[in-house]
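Trainee: Please take me through the structure shown below, stating the cut-offs as you go.

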Amino acid sequence: MTAKIGYLGPKGTFTKLAVDTAFNGETKHSFDTIPECIDAVEADEIDVGVVPLENAIEGTVQLTVDYLVHQVRIPIMSEIVVPIQQHLLVSPDFSGALTDVEEVHSHSHAIAQCHQYLHKHLSQARLCYTSSTGKAAQMVSETNKPIAAIGNKLAAKTYGLRMIQEDIHDFPNNHTRFAVLSKNKASVHINHSVQSEKTTLLITLPSDYAGALHQVLSAFSWRKMNLSKIESRPMKTGLGNYFFIIDVNQPYDDVLFPGVRGELEALGCKVTMLGTYPVYQMDV
Ligand SMILES: O=C(O)C(=O)C[C@]1(C(=O)O)C=C[C@@H](O)C=C1
């Protein structure tokens with residue numbers, strides 16, 4: 001049976017670009033928000049959900065991480081990494097200069113990736129945040145007002161917009177990681193070569209004491225387990241309470257990971273695995 005793939009939509013988002021590159025043949029369903037997409041996987045309305053996880057310039061997509069940690073626990077089955085190029089999109093009828101643009105619409109992450117450009121060239125324009133870059137492009141296509149969207153070439157094509165300025169992101173090596181979420185591994189078919197394997201752990205420390213994080217990291221370090229990311233997020237139980245999300249650059253195994261878990265649990269930590277999965281780096 002063909003898997004149903006959900007993504008942060010509407011058409012023309014970077015998530016849709018990632019989904020189109022990674023999956024072919026499957027049916028694709030657009031969701032307006034990240035929580036709606038994750039909820040649909042949880043409710044078995046779709047088999048797979050694809051949502052943004054982290055951008056090279058702006059960092060973690062907090063909404064995705066917090067939703068996966070606090071609301072709905074669905075394993076990460078794969079990670080897709082795609083290059084990100086942000087363009088300034090206007091209606092084909094817009095004939096003014098950049099200084100005539102009154103508003104710039106986009107997703108907060110896309111706006112953040114272009115802060116310097118906006119500061120230098122569009123300081124008069126009001127910044128308006130949308131649920132995705134595709135949504136911003138759709139809005140620009142539906143009005144006669146002198147407004148612009150930040151988005152990709154697919155959005156320009158999908159909504160018939162003109163790219164008034166290409167490549168407006170502030171740093172060149174721009175990529176975003178997308179999480180492929182599913183309850184069932186068999187639903188995820190990505191026909192690309194695997195670049196690496198990763199395991200993401202959620203670790204809660206028992207209480208704030210000197211050297212706690214050092215002890216946690218030691219459990220990985222003396223086993224020579226390479227970490228590619230460590231990030232703390234509030235537990236939402238009060239100021240000063242954090243959990244850590246740790247990416248380990250290797251797949252789960254039956255010796256090292258149980259060893260780490262046992263050691264950390266002996267220290268009073270709680271360890272939860274958010275996924276052990278292949279990473280696919282793609283050109284879109
Ligand atoms: O709005 C989109 O196009 C998305 O897919 C979301 C998102 C993000 O959340 O980071 C994805 C990639 C880009 O970094 C900008 C926006």
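Trainee: Which residues are exposed on the other side of helix 9, away from its buried ones?
Mentor: This is a predicted model, in which local features need pLDDT of at least 70 and side-chain atom pairs count only at pLDDT 80 or more, while totals for chains, interfaces and linings use all residues. Residues are numbered from 1 along each chain as its sequence is written. Helix 9 spans residues 256-266 and has Phe257, Val260 and Leu264 as its buried residues (buried means 20 or more other C-beta atoms, placed from the backbone, within 10 Å of the residue's own, and exposed means 12 or fewer; helices are DSSP runs of H or I of at least four residues and strands are E runs of at least two, numbered from the N terminus). Because these three cover an arc of only 60 degrees around the axis, they sit on the same side of helix 9 (the arc being that of the directions from the helix axis to the C-beta atoms), and the exposed residues on the other side are Pro258, Gly262, Glu265 and Ala266.

Trainee: Which elements do the buried residues of helix 9 pack against?
Mentor: The buried residues in question are Phe257, Val260 and Leu264. With contact taken as C-beta atoms, placed from the backbone, within 7 Å, they pack against strand 12 (196-204), helix 8 (212-221) and strand 15 (270-281).

Trainee: Which element gives the largest share of the side of domain 1 that touches domain 3?
Mentor: By an automatic or database domain assignment, domain 1 covers 4-83 + 174-187 and domain 3 covers 196-277, and 11 residues of domain 1 are in contact with 10 residues of domain 3. On the domain 1 side, helix 3 (62-71) and strand 5 (76-83) are the elements that give two or more residues. The largest share, 5 residues, comes from helix 3.

Trainee: Where does the largest nonpolar core lie with respect to domain 1 and domain 3?
Mentor: A nonpolar core is a set of buried Ala, Val, Leu, Ile, Met, Phe, Trp, Tyr and Cys residues joined through C-beta atoms within 7 Å, and the largest has 48 residues, with Ala18, Val48 and Phe178 among those that touch the most other members. Helix 1 (residues 14-22) supplies its largest share, 5 residues. Since domain 1 and domain 3 both give residues to this core, it lies between them.

Trainee: How many residues does the other core have, the one including Leu88, Val101, Val104 and Ala148?
Mentor: That core lies apart from the largest one. With Leu88, Val101, Val104 and Ala148 among its members, its size is 21 residues.

Methods: Contact = placed C-beta atoms within 7 Å.
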